[in-house]
Structures are given as C-alpha cells and as structure tokens.
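Trainee: I should like to go through this structure with you by question and answer. May we begin once it is displayed?

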Amino acid sequence: MLSRGVRPDQSNFVAATSAVTGLGNLKLLESLRTLAMKANFEGDVVVGTAILNMYTRYDTRLDLAFRFFEGMLEKNEYSWSTMISALSQIGRLDDAISVYDKDPEKTIPSRCAMLTGYAQNGRVHEARQLFEQTRNPTVVSWNAMIAGYAQNGMIEEAMELFDRMPVRNSITWAAMISGCAQNGKNEDSLQLLAELHRRGMLPSHSCLTTSFFACGNIGALEMGRQVHSLAIKVGSHFNSYVGNALITMYSKCKNLGDVAQVFSRMKVRDTVSWNSLIAGLSQNSMLEDARNAFEQMPHRDAVSWTAMISAYVQAGQGNEALEIFLRMLREGIKPNSSTLAGLLSTCAGLGATKLGRQIHCLAFELGLELDIFVCNALITMYFKCGCVDAFGVFDDMPERDIVSWNSVLAGCAQHGFGREAFKVFEQMKAEGVLPNHVTFVAVLCACSHAGLVDEGRHYFNSMSSDYGLMPLNGHYACMVDLLGRAGRLCEAEDLISDMPIEPDSVVWGALLGACRIHQNAELGRKVAERLFQMEPGNSGNYILLSNIYASLGMWDEVGKVRKLMRDRGVSKEPGCSWTQTKNRLQYFVTGDRQHEQIEEMHALLKEFYGKLKANGYLPETNCVLHDIEEEQKENVLLCHSEKLAVAYSLLNTPSGTPIQIIKNLRICGDCHTFIKFVSKETGREIDVRDGNRFHHFIDGACSCGDYW
DNA sequence: ATAGGGTTAG
C-alpha cells in the first residue's frame with residue numbers, strides 16, 4: 001500500500017495494530033508507531049489508543065506503555081481505561097489509582113477498569129464503593145461487580161446482584177456460572193447453564209468453558225458429555241478455550257480416551273492445550289506420556305515447565321523434578337511462584353535444606369520472596385527440614401492466608417512447640433482468620449506432641465462448640481494419640497467407642513501406636529486384629545504388633561505374627577521398621593528376601609558408616625555395628641547406638657526399597673521409628689511421624705544436597 | 001480497537 005503511494009487512513013492503522021497482536025513483536029510495533037507518526041497520525045486518539053493497547057500487551061513492566069500514555073496529546077475514555085486496567089492487572093494498583101485520580105472525566109469505562117482493578121487485588125470494599133457511587137451503571141458495571149464479588153469468594157453478593165440487575169448479557173451469565181464454579185458451587189453453576197439453555201439462549205464460549213470446569217470439578221462425566229454435544233451443536237468446539245477445557249474436563253473425569261480424541265481432533269493446539277494434556281496425563285499417573293507430550297510440544301512456557309516439575313514432585317521423583325528445573329533455567333525460562341512452590345515442596349520431601357535455601361535466594365532474585373504461595377511452601381520446607389527459619393518467613397509475610405497459618409501451626413506441632421502453637425492460634429483468631437479442619441489437626445497434633453492433654457481436650461471441644469466444625473477421623477486420631485501417649489489407653493479406647501462417625505484405620509492405628517509405646521500387648525493384639533481386618537494388605541500393622549511383642553521379649557509371639565504375615569501373603573514388598581528396647585535398637589526387615597536383604601544391608605551399612613566417619617559425622621567409636629544375634633537372625637538386626645540408628649534410618653525409605661536408595665545416596669529417608677530425636681537447633685524432640693527429615697541432627701548441618 | 005467473562009501449573 002505504502003509502496004504504491006497510498007496514504008493509510010485511521011482504520012488501516014487500527015487494523016494493522018490488531019494484526020500485530022499475538023505476534024509478540026515489539027519491533028514491529030515500534031515501526032508501526034513510526035509509520036503512524038510519518039502519516040501524521042501521531043496525535044490521533046484512536047490510533048494512539050490502539051498503540052497503547054499493543055504496548056500494554058508486550059511490555060511486562062509497562063514502563064514503555066506508561067511513557068507512551070503520558071505523551072499522548074489527546075486521550076479518550078478508552079485510553080484511560082486501558083492504562084488503568086493494564087496497571088492493575090500486573091499488580092501496580094497504586095499507579096492505577098493515581099492514573100484514575102488524574103482522569104478528569106471518570107467515565108464508565110474508566111470506572112469499570114478501576115473497579116475490576118480493586119476487585120482483582122482483593123480490595124472488594126473499594127470496588128463496591130465505586131460501584132455504588134456510579135449513578136447510571138451499565139451492564140458492564142454490573143458484570144464487573146458480579147465478577148469482582150465472585151473472585152473474592154462473595155458468591156452470595158454476586159448472586160444477589162445477578163438477580164437484581166435490570167439487563168443481563170452473555171458475559172453476565174458467563175461471570176455468574178464461572179463464579180459459582182470457582183467457589184465450589186459446581187452444581188449451581190451447571191444449573192445456571194441449564195437455565196440459560198431453557199430460556200432459549202445460546203451459551204457463549206465462556207459459558208461452555210466454565211461449565212466444563214464445573215463438570216471436571218465434580219467428575220460429572222455424563223453432564224460433561226451433554227455439554228460437549230451442546231458445544232458441537234453451537235459450533236464452539238473449535239474454540240481453543242472450549243477445546244482446552246474439554247481436555248481438562250475429560251482428564252479430571254479420568255476418561256483418557258476422550259482426552260486423546262479431543263486433543264487429536266483439535267484444529268489449533270496452543271500451549272494451553274499441551275499444558276492441559278500434560279497435567280491430565282500426570283494426574284492420571286501417566287508420567288511417561290506426560291513427559292513425551294512435554295518433549296513433543298512446540299513452545300514450552302513457564303506453565304509447561306512447572307506442570308512437568310510438579311508431575312515429578314507428585315510422583316516423588318525429586319531428582320527428575322530438579323533436572324527439569326535446571327533445564328528450564330538453562331533455556332532461559334523465568335520461573336514463577338508456582339514453579340518455586342513445587343520445587344520447595346520437593347525439598348521438603350527430600351529434606352534438602354541446602355537446595356531449599358538456594359531456591360529461597362532465587363525467590364529474592366525474582367522478587368517473589370513475599371509471594372504468598374512461595375512463603376507457604378518455604379514455611380513447610382524449613383519446618384520439614386528442621387529449621388526454625390520458617391518462623392522468620394512467616395513473620396515477614398505482608399499477608400497470610402489460612403494455609404500460611406496452618407503451615408506454621410503444623411510446624412509447631414512437628415517440632416514440639418506446643419505453647420507456641422497456642423500463641424499462633426490465638427494470634428490467628430485475633431486477626432479474624434477463621435480456623436478450619438486442618439487448623440485443628442495441627443493444634444491437636446501440637447498438644448499431642450507436647451503432651452498437653454488438658455489443652456488438647458479444650459481445643460477438641462472448642463472445635464464444634466465455637467466454630468461448628470465437626471471433628472473428623474483425623475482429629476479423633478490426634479486425640480487418641482494424645483491420650484495414648486499420656487498412657488491413658490482406656491480413655492483413648494472410650495473416646496473411640498463414643499465416636500459419632502465410623503473410626504478409620506488411622507484412629508485405630510494411633511491406639512496401636514500407643515500400645516506400642518506403653519508395651520500393652522493385650523490391647524495391642526485386640527486393636528491389631530481389628531486393623532488386620534480393616535486393611536488386610538498393610539504390613540505396618542503386623543510389624544507394629546510384632547514390635548510390641550519384641551519389646552517385651554516375647555519372641556514366640558513375634559514369630560507367630562511373622563508366620564501370620566507369611567500365611568496371609570502380606571509382606572510381598574520388603575519393608576523395614578525400627579524399634580527400641582531399653583538400650584537397644586532393633587531393625588526389622590520383612591519380606592521374602594529377608595535374609596539376603598539383611599546381608600546386603602549389612603554390607604551397605606558398613607560402607608555407609610565408613611563414609612559417615614570419613615566425614616566426621618559419627619566420631620564415637622562405640623557406634624559399632626552389632627552382628628546379627630543368632631536367635632533372631634532371620635528378622636532382627638541389633639545395634640547399640642542411637643546415632644547409628646539415625647544413620648540407618650537415613651537409608652530407609654517409606655516406599656520399602658531401601659537398597660536402591662542407599663546406592664544412590666540421594667534421597668534421605670522417612671523413619672518409622674519410636675526413637676526420640678532431639679534437634680540440636682531447637683533442643684526439642686522432633687516428631688518423626690510426619691515425614692520429618694532429621695539427617696542434619698547428626699551434626700547440626702544439612703548433609704542432603706551434597707549427596708555425600 | 002478499547003471497560004466486563006473463560007482454559008493450564010500451585
């Protein structure tokens with residue numbers, strides 16, 4: 001056009017800028033802008049606003065966009081609203097507010113942008129004020145307010161506006177249907193879709209997308225199929241949002257055949273389609289397929305990398321997760337708060353404090369150190385690794401959600417900070433945060449671990465009387481544990497028999513654990529038999545019972561339990577457990593290959609012990625490995641040192657394949673032991689029942705991450 | 001073209 005000497009007009013420029021959208025090419029944009037200036041359009045509001053809009057999409061910091069906005073000779077209502085909306089979307093709410101304040105007109109678009117800005121940054125009350133001050137709200141104003149309420153969990157208020165508003169459009173319905181689904185009211189959201197349908201209206205792409213989300217949330221496969229055919233009927237199935245939502249819906253409904261079909265029939269697969277596929281596959285434990293999809297996809301974004309990392313995290317493959325992360329960094333992809341949160345939970349699982357600290361540093365570099373997700377993950381990581389730095393992270397948080405409070409309470413429980421847990425709990429209440437079921441599990445666990453029986457009772461009662469929270473099995477399990485550890489086995493038994501809900505195996509398991517501590521073989525046998533019926537495949541119950549007998553020196557009974565296991569074919573998978581009798585530690589190995597396993601472990605332990613010594617970890621010479629005693633050759637290994645037990649438990653993993661792990665020496669293990677561990681850092685007993693890693697207690701320093 | 005709605009990771 002230009003080469004033929006035709007001067008482009010306003011609409012040409014607008015069309016050209018819109019064509020540039022999605023190309024992500026800032027240089028192209030700059031040249032368009034130069035062209036506009038040459039063609040004497042630099043002062044044109046419409047062209048200017050179109051250029052501004054382009055800037056807001058590419059410029060992540062918005063500095064260029066803002067400078068351009070400031071320089072605009074003329075601004076219309078949309079120039080203002082575009083700038084306000086862009087600033088508030090990246091969280092620069094204060095700048096958005098000051099732009100809004102400077103707007104002399106404060107037109108409806110400008111107000112709507114500001115309203116949404118407030119709502120998306122959690123300031124619903126200001127959003128509401130803005131809405132209420134608007135004299136003639138348009139349908140856009142109503143929609144913005146409905147969405148604002150829904151995004152802030154105020155679904156009743158949103159519903160009330162929805163019922164009250166004079167005119168609704170398709171966006172109103174989409175906002176309401178989405179609001180319900182986002183707030184766990186999936187059935188309501190599907191009912192709204194049905195009502196929309198009944199009224200003879202056609203559902204928009206957004207309505208369909210969000211309805212699939214709702215179906216997926218509740219696993220409503222049949223409903224999902226019906227909506228799917230509706231989508232085909234209205235021709236929406238080619239829309240990428242709809243297609244992507246279908247992938248997610250079918251994978252949440254565990255219908256992988258349909259996932260594959262939808263994916264293969266899609267005309268255009270964007271990054272979200274691939275990401276949804278990866279997420280769906282990994283959530284259905286098809287890790288290999290997820291990885292293949294990941295390797296095949298054309299453009300991987302931060303979400304793709306994060307999805308793959310968390311797939312490995314969930315599968316317990318921390319090393320793979322880490323390798324993917326390193327590759328991500330090498331390829332220059334910037335991690336976001338979710339990436340870091342996933343990695344931190346891996347560190348927590350591995351007890352990898354050193355790596356955890358490195359990721360903490362990375363969070364500072366990326367400016368994510370105060371991000372709520374990152375902080376919550378940091379708190380859990382530090383606590384699981386036994387570092388009280390968790391408190392510092394918690395204290396520095398500018399805002400906290402229920403997860404933050406629960407994480408800190410759980411940490412107190414794990415580390416025996418009973419009284420501190422109460423303080424945190426009171427502080428939480430004072431700040432007006434309502435405790436939930438998880439909160440009480442943590443508080444009761446803290447009581448149990450600190451041996452605070454009366455306090456535990458008080459909080460247990462307060463749950464239902466003050467907060468209307470009915471105790472669940474987890475809470476009963478804590479109480480049984482609390483009473484049981486305090487030696488009040490009868491009371492624990494009574495509590496179980498008075499339960500209004502059916503006690504699960506965890507509750508009985510807590511009682512069995514108490515029997516183990518107090519060496520009560522009579523009750524232990526009774527409880528264990530019940531557990532054998534409830535979970536016939538769980539070898540842990542058999543081992544616990546045999547540990548009780550072993551602790552009383554009742555070796556005949558130990559033999560009987562082991563025979564029972566063999567007869568019932570329980571211990572196909574090799575497993576191991578620790579127990580302590582007086583001044584000895586015993587290591588039980590179960591499974592068909594017990595004998596060779598012991599030999600192999602023996603050898604590996606010697607090797608490992610040598611490494612420990614070489615690294616200055618076990619200075620005392622009395623930590624000798626005792627030979628297997630004749631009479632318990634088959635199943636019991638004895639040693640005399642608690643420290644050696646720590647070394648042993650380092651090698652132990654919950655998955656029951658200790659040998660492999662030992663060879664790698666990469667993953668430190670979970671210990672199912674009743675040995676008391678005291679943290680050198682806090683001087684307090686560590687609760688090892690909840691997956692705490694304690695290798696650093698060998699010498700106060702974290703050894704993991706060095707891989708020895 | 002621009003103010004309001006929708007999919008993926010945690």
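Mentor: We begin with a definition: a residue is buried under 20% relative accessible area, exposed over 50%, and partly exposed in between, using a 1.4 Å probe and protein chains only. This is a predicted model, in which local features need pLDDT of at least 70, side-chain atom pairs count only at pLDDT 80 or more, and totals for chains, interfaces and linings use all residues. Residues are numbered from 1 along each chain as its sequence is written, chains are lettered from A and ligands numbered from 1 in the order in which they are written, and side-chain values use heavy atoms, with hydrogens and water left out.

Trainee: Is D567 buried or exposed?

Mentor: The cut-off for exposed is over 50%. D567 has a relative accessibility of 53%, so D567 counts as exposed.

Trainee: With which residue does D567 form a salt bridge?

Mentor: A salt bridge is a side-chain nitrogen of Lys or Arg within 4 Å of a carboxyl oxygen of Asp or Glu. D567 and its partner both lie in helix α34 (residues 555-568), four residues apart, about one turn of the helix; helices are DSSP runs of H or I with at least four residues, numbered from the N terminus. The closest N and O atoms are 3.0 Å apart, and the partner of D567 is K563.

Trainee: How far apart are the closest N and O atoms in the salt bridge of R164 with E160?

Mentor: Both residues belong to helix α10 (residues 155-164), with four residues' spacing, about one turn of the helix. R164 is partly exposed at 49% relative accessibility, and E160 is partly exposed at 40%. The closest N and O atoms of this salt bridge are separated by 2.8 Å.

Trainee: How many residues apart in sequence are the parts that R457 and E491 tie together?

Mentor: The side chains of R457 and E491 form a salt bridge of 2.4 Å, N to O. R457 lies in helix α28 (residues 453-467) and E491 in helix α30 (residues 489-497), so the pair ties together parts whose separation in sequence is 34 residues.

Trainee: Is R327 buried or exposed?

Mentor: R327 is located in helix α20 (residues 318-330). Leaving aside residues up to four places away in sequence, R327 touches R291, F294, E295, R300 and W305, where contact means heavy atoms within 4.5 Å. With a relative accessible area of 18%, R327 is buried.

Trainee: Which residues are linked with R327 in a network of salt bridges?

Mentor: The side chains of R327 and E295 are joined by a polar contact of 3.1 Å. A polar contact is a pair of N or O atoms within 3.5 Å; within protein, one must be able to donate a hydrogen and the other to accept it, and residues adjacent in sequence count only if both atoms are side-chain atoms. The network links R327 with R291, E295, E320 and E331.

Trainee: Which polar side-chain atom lies 2.8 Å from a base nitrogen of DNA strand B?

Mentor: Polar side-chain atoms of S178 and Q314 lie, respectively, 3.3 Å and 3.0 Å from a phosphate oxygen of DNA strand B. The atom 2.8 Å from a base nitrogen of that strand belongs to S338.

Trainee: How many salt bridges does a search of the whole structure find?

Mentor: The pairs R164 with E160 and R457 with E491 are salt bridges. The search of the whole structure finds 22.

Note on methods. Helix = DSSP H or I, 4+ residues; strand = E, 2+ residues; numbered from the N terminus.
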